[in-house]
Amino acid sequence: MSALLDIKDLRVTFNTRYGEVTALDSVSLHVNEGETLGVVGESGCGKSITALATMGLIPSPPGRIAGGSIALNGEELTSASEARLRALRGAEIAMIFQEPMTSLNPVFTVGAQIAEAIMLHQKVSRDTAMKDAVALLDRVGIPSPAERARDYPHQLSGGMRQRVMIAMAVSCRPKVLIADEPTTALDVTVQAQIFDLLNEIQREFGAAIILITHDMGAISEMADRVAVMYAGRVIEEASADSVLDTPQHPYARGLIDCIPALGKGDTALKEIPGVVPPLHLLGAGCAFAARCAHANARCLSEKPLLANHGHHPSACHAVEEARI
């Protein structure tokens, strides 16, 4: 079965005061109809840049897609015109941004903003679009939707604003929905409601979902497959159960070990030492080497490639050499 969204060897660079730096280095991902792909990693690993590149929203300058392919239902996006990308965004592929308060326009009501997207892609009247917007607000669980449609973003809670973003994203039933940290700054109860809502929408519309997160708990709740990213590269990819039960890369193991284990007697919170290195300081070897207890001379000098050395593909010399 061909992938609904197929990203191959995607390379994104930015011009900075340090010169040209590579933000994405040969990233390959795919997602099928009705499937949820989780993309996980710390801040600065390239998750959101991957999403923005897929949507054709990399700011140019200073950024550019320097190589690779992004195919949506067989159509190449990297060479598409801006007009074609505008036609596809919202209709075929949509994105739920990380912070709804900065993504929603503060001077327009939420109903008007949803209606605008509907009018743009479905060519219906404003009255019809507003009725559809109210129906969508009701569909995503916002009480008194007709009244809330007349509210401005600042009049809504964080959870309600996120629901508005979801309503806007699914207003034209896109084939692919990218959710970039959709539960950031929301309490755990609202997080669970948002995940339930995304699952319901996926079942109803059959959309493929790319869930971008740093939360392994969200991955276990939502994802069918997982791609672990670090410093602009995919370093492990497999089914969610496989990654969670038998992580291969030391970084993936560290992310899972950082999850608090309630009721197991060990109250100490674990951490991965160090931070994601700045892109302009990446060397020739493994970007995780400075933080890895299993690193050796080869790790410092040779970049590991994603390959199946164990239970599933990972990019790690220590796994390849069976040192861990």
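Helix α4 covers residues 110-122 in this predicted model. At 1.5 Å a residue, its 13 residues should span 18 Å, and the end C-alpha atoms are 18 Å apart, so the expected and computed lengths agree. After the helix comes lysine 123, whose phi is positive, near 55°.

**Buried residues of α4**

The N-terminal stretch of buried positions consists of Val110, Gly111, Ala112, Gln113, Ile114 and Ala115. Ala117, Ile118 and Met119 are buried as well. The buried residues of α4 pack against three other helices: α5 (126-139), α6 (145-148) and α7 (158-169). An α-helix has 3.6 residues a turn, so residues three or four places apart point the same way.

**Packing with α5 and α7**

Two packed helices are described by the angle between their axes and the distance between the axes. The values for two of the partners of α4 are as follows.

| Helix pair | Angle between axes | Distance between axes |
|---|---|---|
| α4 and α5 | about 120° | 8 Å |
| α4 and α7 | roughly 20° | within 9 Å |

With α5, the angle of about 120° makes α4 oblique, because angles of 65 to 115 degrees count as roughly perpendicular and those over 145 as roughly antiparallel. The crossing of α4 past α5 is right-handed. On the α4 side, the residues that meet α5 are Gly111, Ala112, Ile114, Ala115, Ile118, Met119 and Gln122. Their counterparts in α5 are Arg126, Ala129, Met130, Asp132, Ala133, Leu136 and Leu137.

With α7, the crossing angle is roughly 20°, and the two helices are therefore roughly parallel, the limit for this being 35 degrees. This crossing, too, is right-handed. Here Val110, Gln113, Ile114 and Ala117 of α4 meet Val164, Ala167 and Met168 of α7. Ile114 meets residues of α5 and also takes part in the meeting with α7.

**Nonpolar cores**

The largest nonpolar core of the model has 55 residues, and Ile178, Val228 and Tyr251 have the most contacts inside it. Strand β2 (residues 19-31) gives the most to this core, with six residues. Apart from it lies another core, of 35 residues, which includes Ala94, Ala129, Ala149 and Ala167. Of these, Ala129 is one of the α5 residues met by α4, and Ala167 is one of the α7 residues met by α4.

Tyrosine 251, in the 55-residue core, has contacts beyond its neighbours within four places in sequence. These are with Gly41, Glu42, Cys45, Val228, Met229, Tyr230, Ile235, Ile272 and Phe288. Val228 in that list is itself among the residues with the most contacts inside the core.

Definitions and conventions. Residues numbered from 1 in each chain as written. Predicted model: local features only at pLDDT ≥ 70, side-chain atom pairs only at ≥ 80, totals over all residues. Heavy atoms only, no water. Helix = DSSP H or I, 4+ residues; strand = E, 2+ residues; numbered from the N terminus. Expected span 1.5 Å × (residues − 1). Buried < 20%, exposed > 50% of the residue type's maximum accessible area, 1.4 Å probe, protein only. Contact = heavy atoms within 4.5 Å. Core = buried A, V, L, I, M, F, W, Y, C linked by side-chain atoms within 4.5 Å. Axes fitted to C-alpha atoms, helices over the stretch in contact; angles between N-to-C directions. Left-handed = near helix turned anticlockwise from the far one by under 90°.
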